[in-house]
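Reader: I would like a close look at one part of this protein, set in the context of its surroundings. Please keep to what the model shows.

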Amino acid sequence: MKDNGKINKKKIAKLLRQLLIELGENPDREGLMGTPDRMANMYEEILGGYTMDAELDVTFSDETDVIVARDIQFYSMCEHHMLPFFGKVHVAYVPAGKVFGVSKLVRLVEKYSRRLQIQERLTKEVADELVRMGVKGAMVIAEGDHLCMRMRGVRNNSSMLTIAYRGVMEQKDLREHVLAMIKAPKAF
């Protein structure tokens, strides 16, 4: 990433062209012409979280006990193998007099998932940012499928679950109540 937050797509395309050559491919053959440029564009898009703003400063004065956003879809790239992992994130928080705009929790997940990442850190970073924004407590649960585990190595299709809880969510009764809300069938 450059200092201005933009990647150098020309340089990345040049490197990807060289990678194709090193893999024994011809980057000038019909099926690969333009692939380095397309990949550079793709990396700019899927790794754009480094410069994203979750806009958590957009709040509304209101008081409620708990807010839960279930099934926030995410896609990320494993920093160890640069293969995708994807799944759902459930975010719950106890507000402190202000609530976030509805889309902001999705943006928060995107801010951290659109990076070279590991699921454990993704879960923690979302919870930590909510706490930094002044909520009384936060719980974040991420469920992910990792292509680095499915396509290579152990070649197993198990999924991974990570949980981070902060503040009042450390109270067992509240945490269990929120987990039940997340697991409950959708009302509609």
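How many of the ten residues of helix 3 are buried, and is the helix mostly covered or mostly open?

Author: The model is a predicted one. Seven of the ten residues of helix 3 are buried, and the helix is mostly covered. Those seven are Lys104, Leu105, Leu108, Val109, Lys111, Tyr112 and Ser113. Their packing partners are strand 2, strand 3, strand 4, strand 5 (116-117) and helix 4.

To place the helix, start with the whole chain. The protein has six helices and seven strands, in the order α-α-β-β-β-β-α-β-α-β-α-β-α along the sequence. Its C-alpha atoms fill a box of roughly 60 × 40 × 30 Å along the principal axes. Of the 188 residues, 37% are buried. Among contacts between residues at least 6 apart in sequence, 70% join residues at least 24 apart.

Helix 3 contributes to the largest nonpolar core. This core has 26 residues, and Val89, Val91, Leu105 and Leu130 touch the most other members. At least two residues each come from strand 2, strand 3, strand 4 (98-100), helix 3, helix 4 (119-132) and strand 6 (137-146). A second core, separate from this one, has nine residues, including Ala92, Val94, Met169 and Val178. Leu105, one of the buried residues of helix 3, is thus also among the core members with the most contacts to other members.

Val89 shows how the helix meets its surroundings. Outside its neighbours within four places in sequence, Val89 is in contact with Val109, a buried residue of helix 3. The other contacts of Val89 are Ala69, Arg70, Asp71, Ile72, Phe74, Val140, Ile141 and Ala142.

Val140, Ile141 and Ala142 also lie beside Thr162, which touches these three together with Gln119, Glu120 and Thr123, sequence neighbours up to four places away left out. Thr162 is in strand 7 (residues 160-167). Its relative accessibility is 10%, so Thr162 counts as buried, the limit being under 20%. The side chains of Thr162 and Gln119 make a polar contact of 3.2 Å.

Helix 3 also takes part in the second largest pocket, which holds about 180 Å³ of space. The lining consists of Glu45, Ile46, Gln73, Phe74, Tyr75, Ser76, Met77, Pro84, Phe85, Glu110, Ser113 and Arg114. Helix 2 (35-46), strand 2 (67-78), strand 3 (84-94) and helix 3 (104-113) each give two or more residues to it. Strand 2 has the largest share, with five residues. By type, the lining divides into six nonpolar, three polar and three charged residues. Ser113 is in this lining and is also one of the buried residues of helix 3. Phe74 is likewise a lining residue, and Phe74 is in contact with Val89.

Strand 2 and strand 3 are joined by a loop that contains His81. With a relative accessible area of 37%, His81 is partly exposed, because that value falls between the 20% limit for buried and the 50% limit for exposed. Leaving out residues up to four places away in sequence, His81 touches Cys148 and Arg152. The C-alpha atoms of His81 and Cys148 are 6.5 Å apart, although 67 residues separate the two along the chain. With Arg152, His81 forms a side-chain polar contact of 3.2 Å.

In short, helix 3 is mostly covered, supplies at least two residues of the largest nonpolar core, and gives two or more residues to the lining of the second largest pocket.

How values were computed:
Residues numbered from 1 in each chain as written. Predicted model: local features only at pLDDT ≥ 70, side-chain atom pairs only at ≥ 80, totals over all residues. Heavy atoms only, no water. 1 Å grid on protein atoms, 1.4 Å probe; cavity = no way out; pocket = protein on both sides within 12 Å on 5 of 7 lines; lining within 4 Å. Points joined across faces, edges and corners; volume = space filled by probe spheres on them. Helix = DSSP H or I, 4+ residues; strand = E, 2+ residues; numbered from the N terminus. Nonpolar A, V, L, I, M, F, W, Y, C, P; charged D, E, K, R; others polar. Buried < 20%, exposed > 50% of the residue type's maximum accessible area, 1.4 Å probe, protein only. Contact = heavy atoms within 4.5 Å. Polar contact = N/O pair within 3.5 Å; in protein donor to acceptor, adjacent residues only side chain to side chain. Core = buried A, V, L, I, M, F, W, Y, C linked by side-chain atoms within 4.5 Å.
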